[in-house]
Amino acid sequence: MTAVDAPPVALARTNPVAKLAASGVLAVALVLSLDWVSASVALALELLALPFAGVPWRRLWRRTAVVWLAAPLTGLTILLYGQESGTVHVDWLLVRISDGSIELAIATVLRVLAIGLPAVVLFLTVDPTELADGLAQLVRLPARFVLGALAALRLLAVFGDDWRALELARRARGVADRGRVRRFAGQAFALLVLAIRRGSTLATAMEARGFGAPGRRTWARPSRLGGRDAALIGGAVLIAAAAVIASVATGHWNFIAGR
Amino acid sequence: MRPAHLTARGWGWRHAARRDFAVRGVDLDIPAGQRVLLLGPSGAGKSTMLQGMAGLLGGVDEGEEEGVLLLDGVPSASARGRAGLVLQDPEAGVLLARVGDDVAFGCENLGLPRDRIWPRVSEALGAVGLDVPLRASTSRLSGGQKQRLALAGVLAMRPGVILLDEPTANLDPDGVGEVRDAVERLVDATGATLVVVEHRTEVWADLVDRVVVLDPSGGIAADGSPADVFRREGDRLAAGGVWVPGHTPHLPPLQVAPGAALLRTDSLVVGRGRQALAAVELPAVVRSGGALAVTGPNGAGKTTLALTLAGLLPPRSGRVVAEARLAAGAADDPARWTSRELLSRIGTVFQNPEHQFLAAQVADELAVGPRALGLPETQVAARVEELLERLSLARLAAANPFTLSGGEKRRLSVGTALASRPGVLVLDEPTFGQDLVTWTELVLLLRELLAEGAALVTVTHDGAVLDALAAERLVLGAAAPVGEPA
């Protein structure tokens with residue numbers, strides 16, 4: 001995985017479980033309401049906290065590009081087709097832009113950014129092995145499940161190579177000129193067959209090293225939560241609380257389950 | 001660690017999905033500390049036997065067991081951790097992203113306390129001579145290093161018996177040497193019992209005390225010292241596909257007279273994506289009736305060069321030029337040919353045959369190329385018929401390509417390329433991991449193609465192939481790639 005080779009940044013020293021918890025707290029608080037106040041308060045506070053993550057700007061832009069792109073697109077959709085209320089400004093076929101849809105669009109753009117940015121930044125530095133250690137030792141998920149998933153993750157790179165080889169082989173076999181859709185389906189099926197085979201070999205290799213043996217498994221790498229992790233989760237809770245309180249206090253809170 | 005002894009009494013195993021037993025009627029005693037080479041023709045159940053010894057065959061839902069297979073007197077399945085198994089595919093043995101974590105994995109599963117795991121990890125890496133940091137990425141290791149990593153992972157568990165299933169079959173000569181030496185060092189140091197399965201017996205012949213030959217019809221065909229078994233059973237073993245010292249195939253010298261140039265390179269640099277891998281500075285020429293062999297260490301870009309010559313990958317810079325005789329009206333750049341234009345001009349045999357299979361039956365697989373060329377069905381049928389005979393696949397015409405044995409898959413993959421009668425055939429490691437029987441059949445087939453005037457480009461480590469095809473060599477170096485026509 002890329003995280004193994006990534007240059008160390010301040011965030012890399014926090015436990016992946018803490019990062020998972022922090023982005024979870026923000027996401028839960030922000031999906032409870034659809035107003036613009038809670039989202040903008042959260043986003044503003046997150047942007048203030050961002051420099052402390054220690055991620056170089058260039059890398060930050062590159063990795064968060066998808067969020068910056070997705071947010072306005074989502075907003076645009078809501079703007080054109082969102083629930084209408086108040087004055088209608090444009091009415092053309094299915095498109096109906098109203099005061100209500102404008103407000104909803106702005107709230108949605110802010111919300112996608114406020115949930116997406118911290119999630120991307122936090123997971124930028126997550127090492128899959130450390131995440132597995134944390135999930136098994138701290139969250140107490142079953143070792144079989146966590147380690148199976150971790151080992152399977154490594155196969156993804158192999159599947160990428162398989163896919164490229166399958167593609168070249170189809171060109172070599174003379175069938176790559178036409179029938180793109182059908183070829184894609186055939187290639188996907190071939191990859192599935194290879195994947196199942198690789199999966200069962202992987203299972204044998206894991207069992208050959210005593211995986212699944214009776215008795216308690218130990219963990220070579222300790223996974224602990226420390227002050228840094230507490231600070232990260234605490235920060236996320238504070239941002240979430242500030243966003244909710246500001247929204248409720250200004251009367252914009254709009255609980256989704258209550259609509 | 002304490003060496004383990006193995007005992008089989010009338011042992012047999014039938015995989016749940018199969019009608020016949022994979023192994024049957026085996027009576028065998030391997031005393032603690034003995035080093036055994038386990039042989040047998042393809043399909044004799046050697047791998048099944050090793051998995052049985054490792055206790056990995058599973059319960060009644062995975063198959064049917066006969067007799068007993070004991071490790072230190074207890075059924076091997078309940079002696080987990082006493083036997084350590086290394087598999088053939090180096091890719092399959094790597095489980096985790098970092099070297100240290102990967103070696104520690106087995107110790108964790110055995111429930112070893114943390115403070116005892118890490119010293120064992122360092123010790124095991126030292127024993128196999130893998131001198132890389134614990135945090136090094138496992139995906140960057142070479143094939144030989146990956147196999148030594150798998151060996152270290154097994155060693156850290158301190159097993160009483162080390163089981164190796166064709167550990168060097170997929171390695172280049174350097175990798176083979178590395179792994180063999182590592183195994184020798186560690187059995188010398190630990191005294192562990194060793195059972196190796198491998199077609200290429202010369203690698204292990206002087207390291208083992210005993211050779212056991214499984215009989216495909218059940219039981220044991222031969223058992224004794226290496227010299228003894230090879231002398232008495234050499235011919236029979238060679239006929240069954242085992243590479244026995246002194247029984248290598250003797251082929252008459254090949255009279256080649258390479259003819260007209262079909263492909264040539266011009267300041268070619270090859271690579272994948274943005275990354276340049278290898279440069280061929282001196283022009284290389286592929287001639288009708290001649291073989292060009294691409295050799296060099298792992299990671300030198302041999303496969304990439306072969307796929308570029310085959311018109312499948314565009315060059316990073318420079319050119320691959322198809323002469324008019326080969327291009328036959330198409331552009332002179334093979335990378336710009338359509339898939340169909342490529343078909344009758346350059347055929348490619350991939351390293352993994354499974355990557356190139358498209359059909360559900362062997363006969364249909366051979367028909368894919370001729371049909372794509374738009375040949376009438378009578379001609380398609382004639383070509384398929386001829387290839388089925390030539391490749392001895394006739395009785396498998398209706399079988400699914402994925403269910404064939406390794407050697408059959410290899411022959412079929414060569415056949416799929418031959419079916420459209422290309423002027424140039426590009427092969428990536430065609431003899432990798434093949435037993436003696438398949439190896440000989442393949443080499444004879446390639447020599448016939450040369451005699452018929454086809455041009456061959458082959459990536460290979462196999463010196464015997466180079467000699468048998470009288471191949472011109474293009475040597476890629478890891479550090480400074482150079483073209484070096486011999």
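In which loop of chain B is E166(B) found? Since this is a predicted model, let us treat the answer as a feature of the prediction: E166(B) sits in the loop between β7 (161-165) and α6 (173-190) of chain B. Its backbone is worth a look, with a phi near 45°, a positive value in a residue other than glycine. As background, most residues other than glycine have a negative phi. E166(B) also counts as buried, because its relative accessibility is 9% and the cut-off for buried is under 20%.

Further along chain B there is another case to set beside it. S392(B) likewise has a positive phi near 45° and is not a glycine. This residue lies in the loop between α12 (377-390) and α13 (406-418) of chain B. With 42% relative accessibility, S392(B) counts as partly exposed.

Now let us step into the interior. The largest nonpolar core has 57 residues, and M49(B), M53(B), L163(B) and V195(B) touch the most other members. V195(B) shows how such a centre is wired: leaving aside neighbours within four places in sequence, its contacts include L6(B), I30(B), V36(B), L38(B) and L50(B). Also among them are M53(B) and the run V161(B), I162(B), L163(B) and L164(B). A second core, separate from this one, holds 50 residues, including A150(B), A182(B), V183(B) and V244(B). In soluble globular proteins, nonpolar side chains tend to be buried together.

How do the two chains meet? On the chain A side 48 residues are in contact with 65 residues of chain B. Between them the chains bury about 4800 Å², with 53% of that on carbon and sulfur atoms. Three arginines, R171(A), R173(A) and R209(A), supply 21% of the area that chain A buries against chain B, more than any other three residues.

Both chains also contribute to the second largest pocket, which offers about 760 Å³ of space. Its lining has 24 residues, and those nearest the centre are R170(A), V175(A), R182(A), R183(A) and L358(B). Helix α8 (180-208) of chain A and α11 (362-372) of chain B each supply at least two lining residues, with α8(A) giving the largest share, seven residues. By class, the lining comprises twelve nonpolar, five polar and seven charged residues.

Finally, visit V41(A) in helix α3 (residues 36-49) of chain A. At 23% relative accessibility V41(A) counts as partly exposed. Beyond its neighbours within four places in sequence, V41(A) is in contact with A242(A), A243(A) and A246(A). By contrast, D91(A) is 50 residues away along the chain, and the two C-alpha atoms are separated by 32 Å.

Methods: Residues numbered from 1 in each chain as written. Chains lettered and ligands numbered in written order. Predicted model: local features only at pLDDT ≥ 70, side-chain atom pairs only at ≥ 80, totals over all residues. Heavy atoms only, no water. Core = buried A, V, L, I, M, F, W, Y, C linked by side-chain atoms within 4.5 Å. Buried < 20%, exposed > 50% of the residue type's maximum accessible area, 1.4 Å probe, protein only. Contact = heavy atoms within 4.5 Å. 1 Å grid on protein atoms, 1.4 Å probe; cavity = no way out; pocket = protein on both sides within 12 Å on 5 of 7 lines; lining within 4 Å. Points joined across faces, edges and corners; volume = space filled by probe spheres on them. Helix = DSSP H or I, 4+ residues; strand = E, 2+ residues; numbered from the N terminus. Nonpolar A, V, L, I, M, F, W, Y, C, P; charged D, E, K, R; others polar. Buried area = accessible area lost by both parts, 1.4 Å probe.
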